[in-house]
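Visitor: I'd like a close look at one part of this model, please. Could you take me to the metal site and then walk me outward through the side-chain contacts of the same chain?

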Amino acid sequence: MSDIPVTSLPHAIPHPRERMMSWVASVDHKQIGILYMTTAFFFFLCGGVEALLMRAQLAFPEEHFLSPGAYDQIFTMHGTTMVFLFGMPVLIGLANYLVPLMIGARDVAFPRLNAFSYWLLFFGGLMLYFSFFAGGAPNVGWFSYAPLSEKPFSTSPGIDYWALSLLVLGIGSVAAGINLIVTILTLRVKGMTIRRLPLFVWMTLVTSILIVMALPALNVDLVMLLIDRKLGGNFFAMAATGGSAILWQHFFWAFGHPEVYILALPAFGIISEVIPVFSRKAIFGYGYIAASTVAIGILSFAVWAHHMFAVGLGRPWDVAFAAGSMLIAIPTGVKIFNWIATMWGGSIRFTTSMLYAIGFLIFFTIGGLSGVTLAVFPIDWQVHDTYYIVAHLHYVLFGGTAFAVFAGLYYWFPKFTGRMLSERLGKWNFWLTVIGFNTTFMVQHALGILGMPRRAWTYPNLPYWGILNLISSIGAFILGIAILVLIVNIWVSLKHGERASDNPWGAWSLEWATSSPPPPENFEKVPPVRSRRPLWDLVHPDDPDWLHGNA
Amino acid sequence: MNRYKLAMVLFILSEGTFFGLLILAYVYFRATTGSEPIAAHVLDPLKTGIFSVCLFASSGTMELGIKSLRKKNFAGLRFWLVATILLGATFLVGQGMEYLHLYRSDITISRNIFGTSFFTLTGFHGLHVFLGLVVLLIMLGLGMSKDFLAKHETAVEVASYYWHFVDVVWVVIFTVVYLWVFL
Ligand SMILES: [Cu+2]
């Protein structure tokens, strides 16, 4: 490269077609991060429409709005979409954008591999949705239990599409995970030691290790299923020729439980960045948060069979997996206390981002507590496959992960775009989300305890079932309106939003040291890193963190 | 830390998990199902053993190639790469002959759980050997230029990591699938 700083070169205004091309051919981590996030948001809307269709069908007893076959396809696509096409890509995209900036790097370790990962997501997602036009979408639930997913019981090509596209997505995720790990371990700017990494980077590191180690379990399951379906194999057949349907469940949940933490840990990372900044206090117990994450990462591989209490694995196994699952609540609880202690005595600014972070604390804790009740396997037997499970997982994944994603969106949007999101629309968006979310899912705990099975197309008019379902459906549509407000907010703010300064929130991590949005090369000069809060040190040369032994 | 080596180590960890679970599935079915035919009645450990020796030896020739590379003996590297590729290809030919033999005795992937798990496990391994051969061929092609080898020593080293991995996986598969028949 020449000595002329890139920013001082004249910018030609690109032809629209070239602008398009600059995205398609991009290997820049910021552009790829944005591509990941917008693709994920698009699929979030698809999954959201599917959720509304389901709630419309369930609003009243014995309704015929959807056919049973359509309903099966829609709940399967909803789950698959939200996990693989929204949850993972939005978090990987966020990490893609932020990790290099946070560690003072120019890009990820392998920019072309990064683009490859993204395009696998793009085409994998298209392939999954193409199944609607190719003979029907998958219709056996997002975990496709064998033997139902086997050829004799499900001839729909949707399941082949499901398995193939998840393989494509899985390969992309593993590549992205490897890329992020190598980036974090090898590209940190001088002074950015492992113990000074922003917690979001810490969480990304552990998540990426989980991705690299857990996705193969899903991939093995998928290739075995495809061999059964396409080549007449006998893996999960349960016939005289051998095979075991339980093996599908073991391998699926050996992936599936770590997957929960793949979706939760980056959310913890977002919360650990947002809460200190809006409490005007450094994070409380940095070391505990990082260490408890490592503990969660390890434990998450040892609790999978708590999804299989109804299989009848035998009492000793049930006890072991129940104990392990309860154990995992401890490192998670440690984090909740750390975040509350960070807020304690801070001067809190109730921005939309902070409100979402506080919402996360409350609703994720509720989801965590119902999770502990499910680890008690006699309770699990009672509510297995009911709406209690649906309520639990949505408190964890919507009240937890999605709330954190929204907190992160309001927090980093100025960095991504150079414009602030409207706080006024933000407050509407937040409160409608809180009301819609709780109205939808709180009553589902009760429905589950009353025995309403999940994934049932419709239901008889039993006492309370009608009214509770109607409340839940109304909540879902309020949630839909909340998301519309968010879309309007993004749309309006992109065009007319208040211009963002480099560091509009007075934050302390390196991504705020560069312009908003950052130039292609990220930094003209990375500020010295001598503590966990380099920008605090920069602004307070008389009272830097590294003087207090926080280095 | 070299980023290419680290990335390959992580990739191998991921692939290792994949094979570990396939092997686990094989062992599980081997131990729990008695559906005929089973490994002991149809596999020929001696014949496959001879071809396996080729694959094991290819790890040695690969390492000799890396030694030459470190000494900047590029002609030596090319020689050992060719040897590695030939040994790897011999192994694949052996596997092909074995498959053909089994197929002629009507033992297929759909016959029973032994067929399914055997062909899946060894097939995925064979596929990995094949991909390794492609990588080594690319290294050999690029290695015709001195410039490349002088600048990209790591590329060849990283390829050798992958090759050793494929070899180690076969040590486990050979033990579990072929030597177990003697028990
Ligand atoms: Cu779990």
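Guide: Along the chain, the donors of the copper ion follow the spacing H-x48-H-H. The protein donors behind that pattern are His257(A) through ND1, His306(A) through NE2 and His307(A) through NE2, and they lie 1.8 to 2.0 Å from the copper ion. The two histidines at the end of the pattern fall into separate classes of accessibility. His306(A) has a relative accessible area of 17%, so it is buried, whereas His307(A), at 24%, counts as partly exposed. The cut-off that matters here is 20%, since buried means under that value.

Please keep in mind that this is a predicted model. It scores ipTM 0.94 and pTM 0.94. Chain A has a mean pLDDT of 93, with 97% of its residues at 70 or more. The exception to keep in view is residues 1-11 of chain A, where the pLDDT is below 50; this stretch has six contacts in the model beyond near neighbours in sequence. Where pLDDT is low, the predicted coordinates should not be read in detail. For chain B, the mean pLDDT is also given as 93, and 100% of its residues reach 70 or more.

Now to the aromatic rings. Over all chains, the count comes to 78 aromatic pairs. One of them is edge-to-face: Phe44(A) and Phe406(A) are 6.3 Å apart centre to centre, with 75° between the planes. Phe44(A) belongs to helix α2 (residues 29-58) and Phe406(A) to helix α13 (residues 387-417), so this pair ties together parts of chain A that are 362 residues apart in sequence. Both rings are out of the way of solvent by the accessibility rule: Phe44(A) is buried at 6%, and Phe406(A) is buried at 3%.

A second pair, Phe130(A) with Tyr161(A), is tilted, with 6.1 Å between the centres and 55° between the planes. Here the link runs from helix α4 (residues 111-130), which holds Phe130(A), to helix α5 (residues 158-186), which holds Tyr161(A), so the parts it ties together are 31 residues apart in sequence. Phe130(A) is partly exposed at 43%, and Tyr161(A) is partly exposed at 22%.

Rings also meet charges in this chain. The charged end of Arg532(A) sits over the ring of Tyr286(A), 3.7 Å from its centre. Arg533(A) lies over the face of Trp536(A), at 4.4 Å from the ring centre.

That leaves the salt bridges, which number 10 over all chains. In one of them, Asp160(A) and Lys230(A) meet at 3.2 Å, N to O. Asp160(A) lies in helix α5 and Lys230(A) in helix α6 (residues 199-231), so the pair ties together parts of chain A that are 70 residues apart in sequence. Asp160(A) is buried, with 8% relative accessibility. Salt bridges with shared partners also join Asp28(A), Lys30(A), Arg106(A) and Asp107(A) into one network. Within that network, the closest N and O atoms of Lys30(A) and Asp28(A) are 3.2 Å apart, and both of these residues are buried. Arg106(A) and Asp107(A) form another of its bridges, with their closest N and O atoms 3.8 Å apart. In that bridge, Arg106(A) is partly exposed at 42%, while Asp107(A) is buried at 10%.

Methods:
Residues numbered from 1 in each chain as written. Chains lettered and ligands numbered in written order. Predicted model: local features only at pLDDT ≥ 70, side-chain atom pairs only at ≥ 80, totals over all residues. Heavy atoms only, no water. pLDDT = per-residue confidence, 0-100. Contact = heavy atoms within 4.5 Å. Phe/Tyr/Trp six-rings, centres within 6.5 Å; stacked < 30°, edge-to-face > 60°. Helix = DSSP H or I, 4+ residues; strand = E, 2+ residues; numbered from the N terminus. Buried < 20%, exposed > 50% of the residue type's maximum accessible area, 1.4 Å probe, protein only. Lys NZ or Arg CZ within 6 Å of the ring centre and 35° of its normal. Donors = N, O, S within 2.8 Å, 3.2 Å for Na, K, Ca; no water. Salt bridge = Lys/Arg side-chain N within 4 Å of Asp/Glu carboxyl O.
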